[in-house]
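Student: I would like to learn how to read the surroundings of a ligand in a model like this one. Could you take me through it step by step?

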Amino acid sequence: MFMAGGCRIPTFPGSDVPVPHFQPTDLDQLEAAIADAGADRRRLELLGNGTKRGLGKPVEADALLDLSRLHGVTLYEPEELVLTAGAGTPLHEIEALLAQRGQMLAFEPMDLGPLYGAPPRQATIGGVVACNLAGPRRPKAGAARDWFLGFTAVSGRGERFKAGSRVMKNVTGYDLPKLLAGSHGTLAALAEVTLRVHPAPDETLTLALAGLDVDRAGQAMAVALGCAHEVSGAAYLPAQLTQLSAVERLAGASATLFRLEGISASVAYRAQALEDLLREMQVPVVRLEADVSARLWREVRDLEFLQSERDAVIWRLAVPPALGAQVAQRIQRQLSSARFYLDWGGGLVWVATPTAPDAHAAAMRRAVHETGGHATLMRAPDDLRRLVSVFQPEAAPLAALSERVRAGFDPLGILNSGRMG
Amino acid sequence: MQMPEPDRAVLARRREIAADLRRLLPPDAVIEAEEARRVYESDGLTAYRGLPMLVTLPRTTAEVSAILGYCHRHGIKIVPRGAGTSLSGGALPLEDGILVGMARFNRILEIDLDNRAVVAQPGVTNLAITEAVKGAGFYYAPDPSSQIACSIGGNVAENSGGVHCLKYGLTTNNLLGLEMVLIDGQVIRLGGKHLDSGGYDLLGIVTGSEGLLGIVTEVTVRILRRPETARALLVGFPSNISAGNCVGQVIASGIIPAGMEMMDRPAIRAAEDFVQAGYPLEAEALLIVELDGPEPEVAALIGKVAAIAESCGATSITASRDEAERLRFWAGRKAAFPAVGRISPDYYCMDGTIPRRELPRMLEEMARLSEKYGLRVANVFHAGDGNLHPLILYDANAPGELERAEAFGADILRLCVAVGGVLTGEHGVGVEKRDLMGVMFDERDLAQQQRLKCAFDAGGLMNPGKMFPTLHRCAELGRLHVHGGRLPHPDLPRF
Ligand SMILES: Cc1cc2nc3c(=O)[nH]c(=O)nc-3n(C[C@H](O)[C@H](O)[C@H](O)COP(=O)(O)OP(=O)(O)OC[C@H]3O[C@@H](n4cnc5c(N)ncnc54)[C@H](O)[C@@H]3O)c2cc1C
C-alpha cells in the first residue's frame, strides 16, 4: 500500500493538516498514482526527501507524491563512468559509493537543505537533477544537466517514458534529459536517472588573496579563468563574510579564492604559476591545503554564510562573469542592508537581504537587466514567493512556448502546479 | 527512403510563392532556377537526393522571420541548411519545401575575451571561431573532423562532437546562448553569456534538434584557453580486445585524456597508405591517446598511460616529442575517411555508441556481418566515449550494393542498441536512422518527443520527414487516453 513510511508527517508548508500521501515503490505504482491523480484532477506535489520545498513558488496541490522509496543504485560501472539510481536515492549515498572508487559527481551539487530549514545531507538525486543544481565547479565542469544522460519517468499524462541512454555520446532524438533537468518536477516524475560520473582529483589546493575590493577581485578572477591553469573554482567573499567562515585564517579581510585540482605535480606547478600571475594584485596570498580547502568550498557551495535571520531573502543572480562585481556593487549602493558574495568567477552573485515588501524583486531585476542575466528568488517566506516572480520573467513568445512545452507533458497541470509559474 | 507525400497544391503554386518571397526579401535571396537549386540537392549523405522547390538565402534575422512567417501562413514546409555536411541527411531537401540556406550569416559578431565568449552568426564555420580567437590564446573546443566546412549553426542543430569531447564535451556543453526564429516568425533568445538561466532548458532542447524546432540565427559559445602543452601517444596492439581493455583501464585509473581514438587494421592500413603517418602496420589495433594541460601533468600522465598500455600487451608505444610529431600521429586519424575513400568507390559511415566494454563483441559481430553481406568494413572509433564509426565499403554502381550496405549498417546499429548503446553518437538521426528509432524507443517515448515538437511547430512544417518514423497529428498526440475506460494497472492499490 502507499503508506507513509518513516517519521515524517505529510503536510503542506505552513499547515499541520495531514494530506493524502503516496509513496510508490516502483514504476508501476508511480504510473498508477499519477494516472489516478489525473483521472480525479488531483494535483500532486512531488517530493524526494522534501529538502527543497522552499525553492520555486509554493505548489498548489491536493496530495503529496513521495518518491523517496524509488531508492537504490541499480548500475555503477566505474570504467564506463556511469551510474544509474532510483530518483529517491540520497545524494550522499551515491557520493559515498563513488568515493570508494575514486570518483565523484563533477558538477558538485550544492546541498540546499539547511537553507530551507531541512537537515543537511538529505537531498535525493532526483531532486538534484530536477533543480539542475551545480556547485563552484560549474564554469569548468557544468551543471547537473551536463552529466544527466538518461531517465525513466512518468509524465503528467500518467504515462511512463524514457529518454537518453547510458552512454555519454548520444544524439538520438531530442535531448529530453536537458529539459527535465531544471524542470522542478513540473513535467514528469523522474523514477530512475542515469548520470555520467568523473574521476575525483588526487589533490586540491586553494589560493586565497586577502583584502581585494570587489572590482579588483573581479579582475583577478578574469585573469585566472582566462589562463591555462584550469582553475576549478573562483569566488569572492567580502570581509563581512570571511569572518563567518570556519576557516579562521581568512577573517579580517576579503578573500578571493582560486581552487586547483588534479595530480599533485600539476597542482603544485599551477599553484606557483597562478601565484606569479596574481602577484600584480599586490596582496598577500594564503595557501589552503586539502581539508581546509574542502571545508571552505563547501561553505561557498551551500551558502553557509547566508543562513541567519537577517538573510531572510536570498537572490541568485546569473550574469556574464566579467559583470558580477559591477552588479554586486550596484545592489549594495541601493540596498545597504544587502550582503553578497561571488562564485563562478563572478558569473554567480548571491545576495541576501532582510525581508521586504517585494523581496527587492524590482531592484534585482533592474540590476541584471542590462547584463542580459537572470535573477532567481532562492529563498523568501511563502507569501512573498506567491507574490513575486521567483524565476526571471520570460519575454512573451518564450513564455508562451514554455507553457506549450509544459502542457505537452502535463496537460492537466497536476505536477507541482504553479512551482515555476 | 519514404519521404512525406509532396503537397501538389503547394507545388502548383511554386512561381507565385517565389514572387511573394521576392517581395519579402532582397531579389538575390530567392533562387528559382533549376541548375542553381541543384547545388542543394543533397548533404554529406550523398545517397539521398532531392530538388528543393525553392531556395532562399537570407542575410538577417528579420528576413528569416519573414520567410518562416510566410510559410507558416501558407502551410509550406521548411528545410534549414548550414554547410550541408550532415551525414544523416538532415539537410536533405523536400520537393515541396523551401530550403533556407544560412551561408550568408557568415559574420563573427563579438569576441568577448573577458567573458570567454564568442557571438557568431550560424553560417560561420566551426574552425573560423577558433581562428578568430587563436591570436589571443583561446579556442573553441568541439572539433568535428568536418570543422573547416561545417557551420556552427549546423553544429548546434546536430549537437556535434569531435575527437576531444571526452574531456571537453559536445556542442551542448560549450554553448551559452542562441537566438532563433520560430515557425510563426517570432524571435526568441535563449541563454546569453551567463549560465543556467532558470526556466525550461530550451537551449538544451534546441541543441541536437536537427532543424525541426526553428532556425538558429545567432550563437554564443564559450571559448577556452589553449592548454599549455599537448602530447600524444601512438600505441599498437596485437588485438582489438587488448586495445579495448587498455582504454577501460586508462579511464578506471582516473585519467580523462583529451582524446582517445582507436583504429582497426583495415583503417590503419588505409590511413598509412594515404598519409604515411608512421603507423605500426603489424598492429591489429591502434590507439592514439592525447593528453593536454600543464607540462608536468602531461609528462606524468604520458608515463602513466604508457605503463598501462604496456601492461595491456601493447606491441609498440611512441610518445610525440614535438608538435610536428603529434600532428603527424593525428594526420592518419583525421584523414581516415578520405583514406578509406581511396580504397573503395564509396563508403557508408555509421555512428553508433556502445558501452565501451562491448567493443570486442561488437567488432566480432561486425566481422561476421561483413562476411554475411560480402562487404568490407574499416573501423575508426572515438574509444574514450564509446562512439563507433564503422565505414562500410561498397560500390554504388554495383547493383544492390548500396542496399546491402544500408542493411549492414542497420544491423550494426541494432546491435549497438542491443548491447546498451544508441543509434547515433554525433551525426544525428536525420532521414538515415529515422526508421530505426523504434529499435531504441517505444511508441510512448516517441510520442512524448513529438509532443515537444508540437509545442514548437504544431503544423509540422519544420524539416518534416526527419527524425521521426511516423508523423502524428499534434491534436491526436495531445489527447489523453483513458485505457478502455479504465486506468492502467487496475490490480494496484489506489488512493
Ligand atoms: C568528412 C566529414 C567528417 C565529419 N566529422 C564529424 C565529426 O567528427 N563529428 C561530428 O559530430 N560530425 C561530423 N560530421 C557531420 C557534420 O559535419 C556535422 O553534423 C555538422 O554539424 C553539420 O553542419 P552543417 O553546417 O554542414 O549542417 P547541415 O549539414 O547543413 O545541416 C545539418 C542539420 O542542421 C540543420 N541546420 C543547419 N543549420 C541550421 C540553423 N541555422 N538552424 C536550424 N537548423 C539548422 C539542418 O536542417 C540539418 O538538419 C562530419 C561530416 C563529414 C562530411
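Student: Which backbone atoms lie beside an oxygen atom of the ligand, and at what distance?

Tutor: One looks for pairs of N or O atoms within 3.5 Å. In this predicted model, a polar backbone atom of B:Gly84 is 2.7 Å from an oxygen atom of the ligand, and a backbone N or O atom of B:Gly161 lies 3.0 Å from an oxygen atom of the ligand. A side chain takes part as well, since a polar side-chain atom of B:Thr85 is found 2.6 Å from a ligand oxygen. The ligand alone exposes 980 Å², and the protein buries 93% of that area.

Student: Which elements of chain B supply the shell around the ligand?

Tutor: Strand S3 (77-81), helix H6 (152-158) and strand S10 (215-222) of chain B each supply at least two residues, with H6(B) giving the most, namely five. By residue class, the shell holds eleven nonpolar, 17 polar and four charged residues.

Student: Why does the ligand lie between the two domains of chain B?

Tutor: The ligand lies between domain 1 (5-101) and domain 2 (108-225) of chain B because both of them give residues to its shell.

Student: How many residues of chain A and of chain B are in contact?

Tutor: Contact involves 93 residues of chain A and 98 residues of chain B, while the area buried between the two chains is about 7900 Å², with carbon and sulfur atoms giving 60% of it. On the side of chain A, A:Lys169, A:Val171 and A:Tyr174 supply 13% of the area that this chain buries against chain B, more than any other three residues.

Terms used
Residues numbered from 1 in each chain as written. Chains lettered and ligands numbered in written order. Predicted model: local features only at pLDDT ≥ 70, side-chain atom pairs only at ≥ 80, totals over all residues. Heavy atoms only, no water. Polar contact = N/O pair within 3.5 Å; in protein donor to acceptor, adjacent residues only side chain to side chain. Areas by Shrake-Rupley, 256 points an atom, 1.4 Å probe, with all protein chains shown as cover. Helix = DSSP H or I, 4+ residues; strand = E, 2+ residues; numbered from the N terminus. Nonpolar A, V, L, I, M, F, W, Y, C, P; charged D, E, K, R; others polar. Domains from an automatic or database assignment. Contact = heavy atoms within 4.5 Å. Buried area = accessible area lost by both parts, 1.4 Å probe.
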